[in-house]
Structure formats: structure tokens, C-alpha cells
Amino acid sequence: MQHPAVPDLSHTHTRPIHWVATATAVAAVVALSSVLQPDAATAAQSGDTPAATAPKSAPAHIAPPDPATVAFPLECGPVKALVQKKASGDLDGDGRPETVAVVHCDAPMGTPPDGVYVITRDTDSGKPRVVATLVDPEDRRTATGLAVRDGVVRATLLGYSTADVPSCCPDVTDDVKWRWKNGTFVSDTPSQARTV
């Protein structure tokens, strides 16, 4: 007599009592889980956290203005204005964020100069609009760095020591800061410019 390759596993055959036991166990787990539910989650923290002690008049989170929806004061002819960099933060202390955008014409050749603009939301309509020009494209500057921190706009600008320097090769680097003061943006630029 030849033995089968697989041994007889008669204890693995299911019987009606197995199904009754399984159904009873599943029903018990479902019933228990509906009784033992965790507390509902809340965003507020209890205790002396900043969220709990914040004044009730604090404005809700407002999204910073999107520079893609703004018409910049930049003459680009047949090409479009292109936003190269952007950074956001509350620059004037009113609790609403502004966006600073580095923009230039999307020229097919060369290195077009950048404009650096401050965008805010109109208080009546909520639409984004340009409220300040920090760097005019006519100044022939290129912004390689941009940051907004603690109400201060910081940028690294490349420029030219003379009009004879070719546009391809800026030879001056300035680290510039602007801060909102007395209703206008004031530049706090170090007196020494670095040549590159």
C-alpha cells in the first residue's frame, strides 16, 4: 500500500460548530469595539498652550496671495512675465501674510533682469495686488536668493559695476534687506558690495 504524499488532516475539515464559534467571536469583537471607542479628536489643546491662551480676536489663517494671479508692472512685449521665486510672511504686522515675488520676462535668450514685488490682498475685494516694487527691472539686477523672516525681506542681488559689463556676466553681489517702516519699505543694505 502506498501512503499519500500529504497526510490526512481530518481535524482541518470544518463543521457547523466551527462556523457558529467563529461567528460568535466576530460578533463579540464588533459589539465590544462599538462600546469601547476613543474620545473624539479635537484640534484644541487643553492647558496653558499657546492655542488655549491666544486672544479670541486673532484672525483666522489667511492664505498668502498667489503671484500667479497678479498683473505685474512689467513690460514684456510678446512674452509673459514669469515668477521665478516667491516667499510669504506678515511684513506689516497686520496679521495677514504678504507675498514677495521675483519676476522677469520669459525671454527665449539671455538673462532678463528681475523685478522684486510685494503683493497683498485688497481689504475690500480680497484680490491680490502689487503694493510695492523693491527692485525695478530697469536696475538690471538678478535675484539669486529670496527669504521672508520676522517681517524682513532678504534677497541676494547680482548686478553690474558699470554699464560696460556684459549682461551675461554680473560682477557685483549685494545682500539686501527691506523692512516695513512708517508706511513704506526701507532698505537696510550693507554699504559694501562684493564683486564676484
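I began with V100 and listed its contacts, leaving out residues up to four places away in sequence: V100 touches K85, K86, A87, L91, V116, Y117, V118, L134, L146, V148 and V153. I note here that the model is a predicted one.

I then placed V100 in the fold and found it in strand β2, which covers residues 98-105. Its relative accessible area came out at 0%, and because buried means under 20%, I entered V100 as buried. I also looked up the pair V100 and V130, which lie 30 residues apart in sequence, and noted a C-alpha to C-alpha distance of 9.4 Å.

Next I turned to A143, which sits in strand β5, residues 142-149. Is A143 buried or exposed? With a relative accessible area of 3%, A143 is buried. Setting aside neighbours within four places in sequence, I recorded contacts from A143 to K85, V102, D114, V116, T156 and L157. K85 and V116 appear in this list, and I had already written both down for V100. For A143 and V103, which are 40 residues apart along the chain, I noted a C-alpha separation of 9.2 Å.

Last I searched for internal space, and the structure holds one cavity of 30 Å³ or more. I took down a volume of about 40 Å³ for the largest cavity. Which residues line the largest cavity? I listed I62, A63, P64, P65, R96, P97, T120 and R121 as its lining, and sorted these residues into five nonpolar, one polar and two charged.

Key:
Residues numbered from 1 in each chain as written. Predicted model: local features only at pLDDT ≥ 70, side-chain atom pairs only at ≥ 80, totals over all residues. Heavy atoms only, no water. Helix = DSSP H or I, 4+ residues; strand = E, 2+ residues; numbered from the N terminus. Buried < 20%, exposed > 50% of the residue type's maximum accessible area, 1.4 Å probe, protein only. Contact = heavy atoms within 4.5 Å. 1 Å grid on protein atoms, 1.4 Å probe; cavity = no way out; pocket = protein on both sides within 12 Å on 5 of 7 lines; lining within 4 Å. Points joined across faces, edges and corners; volume = space filled by probe spheres on them. Nonpolar A, V, L, I, M, F, W, Y, C, P; charged D, E, K, R; others polar.
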